[in-house]
Amino acid sequence: FLRFKDGQMVPVTLERAVGNKTCEESREEEGFACDSENSECHNSTDGLEYRCKCAPCNQGNPYIQGGCEGKMTLRVFHL
């Protein structure tokens with residue numbers, strides 16, 4: 001939330017994006033930001049930029065090596 005001087009608060013959404021190229025253009029270049037083995041690259045919704053997310057079943061920071069770690073949930077069903 002963003003708080004004004006009068007105390008009023010409004011919701012704010014920020015989209016973090018990298019560079020000025022798409023995932024496809026940036027993937028093979030030095031300095032590609034999606035550094036974690038378990039990260040995915042997604043093109044930004046507002047232009048020629050991309051952002052990184054941890055792949056499904058992973059959590060953490062997709063911008064550093066080893067930053068996305070898996071979390072395995074095992075469900076056992078008895079019949």
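Colleague: Why does Asn-58 count as buried?

Modeller: The relative accessibility of Asn-58 is 18%, and buried means under 20% relative accessible area, whereas exposed means over 50% and partly exposed lies in between (1.4 Å probe, protein chains only). Asn-58 therefore counts as buried. The structure is a predicted model, in which local features need pLDDT of at least 70 and side-chain atom pairs count only at pLDDT 80 or more, while totals for chains, interfaces and linings use all residues. Residues are numbered from 1 along each chain as its sequence is written, and side-chain values use heavy atoms, with hydrogens and water left out.

Colleague: What makes the pairing of Asn-58 and Asn-38 a polar contact?

Modeller: The side chains of Asn-58 and Asn-38 are joined at 3.4 Å. A polar contact is a pair of N or O atoms within 3.5 Å; within protein, one must be able to donate a hydrogen and the other to accept it, and residues adjacent in sequence count only if both atoms are side-chain atoms. The pair therefore falls within the limit. A polar atom of the Asn-58 side chain also lies 3.1 Å from the backbone oxygen of Pro-56.

Colleague: Where does Asn-58 lie, and which residues does Asn-58 contact, apart from neighbours within four places in sequence?

Modeller: Asn-58 belongs to strand 5; helices (H or I, at least four residues) and strands (E, at least two) are DSSP runs, numbered from the N terminus. Contact means heavy atoms within 4.5 Å, and with neighbours within four places set aside, Asn-58 touches Asn-38, Cys-68, Glu-69 and Gly-70.

Colleague: Why is the preceding position, Cys-57, called exposed?

Modeller: Cys-57 has a relative accessible area of 58%. That value passes the limit for exposed, so the label applies. Cys-57 is in the loop between strand 4 and strand 5 (58–60).

Colleague: What is notable about phi of Cys-57?

Modeller: Phi of Cys-57 is near 70°, a positive value in a residue other than glycine. Most residues other than glycine have a negative phi.

Colleague: How do you know that Glu-40 is partly exposed?

Modeller: The relative accessibility of Glu-40 is 29%. This value lies between the limits for buried and exposed, so Glu-40 is partly exposed. Glu-40 sits in strand 3 (residues 39–43), and a polar contact of 3.3 Å links the Glu-40 side chain to that of His-42. With neighbours within four places in sequence left aside, the residues in contact with Glu-40 include Cys-34 and Cys-52.

Colleague: Why is Cys-34 given the label buried?

Modeller: The relative accessible area of Cys-34 is 10%. As this is below the limit for buried, the label therefore follows. Cys-34 is located in the loop between helix 1 and strand 3. Its C-alpha is 9.0 Å from that of Cys-54, although Cys-34 and Cys-54 are 20 residues apart in sequence.

Colleague: What makes up the largest nonpolar core?

Modeller: Eight residues form this core: Cys-23, Phe-32, Ala-33, Cys-34, Cys-41, Tyr-50, Cys-52 and Tyr-63. A nonpolar core is a set of buried Ala, Val, Leu, Ile, Met, Phe, Trp, Tyr and Cys residues joined through side-chain atoms within 4.5 Å. One of the members, Cys-52, is in contact with residues including Ala-33, Cys-34 and Tyr-63.

Colleague: Why is the meeting of Lys-21 and Glu-29 called a salt bridge?

Modeller: The side chains of Lys-21 and Glu-29 meet at 2.8 Å, N to O. A salt bridge is a side-chain nitrogen of Lys or Arg within 4 Å of a carboxyl oxygen of Asp or Glu, so the pair qualifies. By this rule the count is one salt bridge. Side chains of opposite charge can pair when their charged atoms come close. Lys-21, at 32% relative accessibility, is partly exposed, and Glu-29, at 37%, is partly exposed too.

Colleague: How do you know that Ser-44 is buried or exposed?

Modeller: Ser-44 has a relative accessibility of 9%, which is under the limit for buried, so Ser-44 is buried. Ser-44 lies in the loop between strand 3 and strand 4 (50–54). Its contacts, without neighbours within four places in sequence, are Glu-15, Ala-17, Glu-49 and Tyr-50.

Colleague: What is the order of the elements in the protein?

Modeller: From the N terminus on, the elements run β-β-α-β-β-β-β, with one helix and six strands. Of the 79 residues in the protein, 24% are buried.
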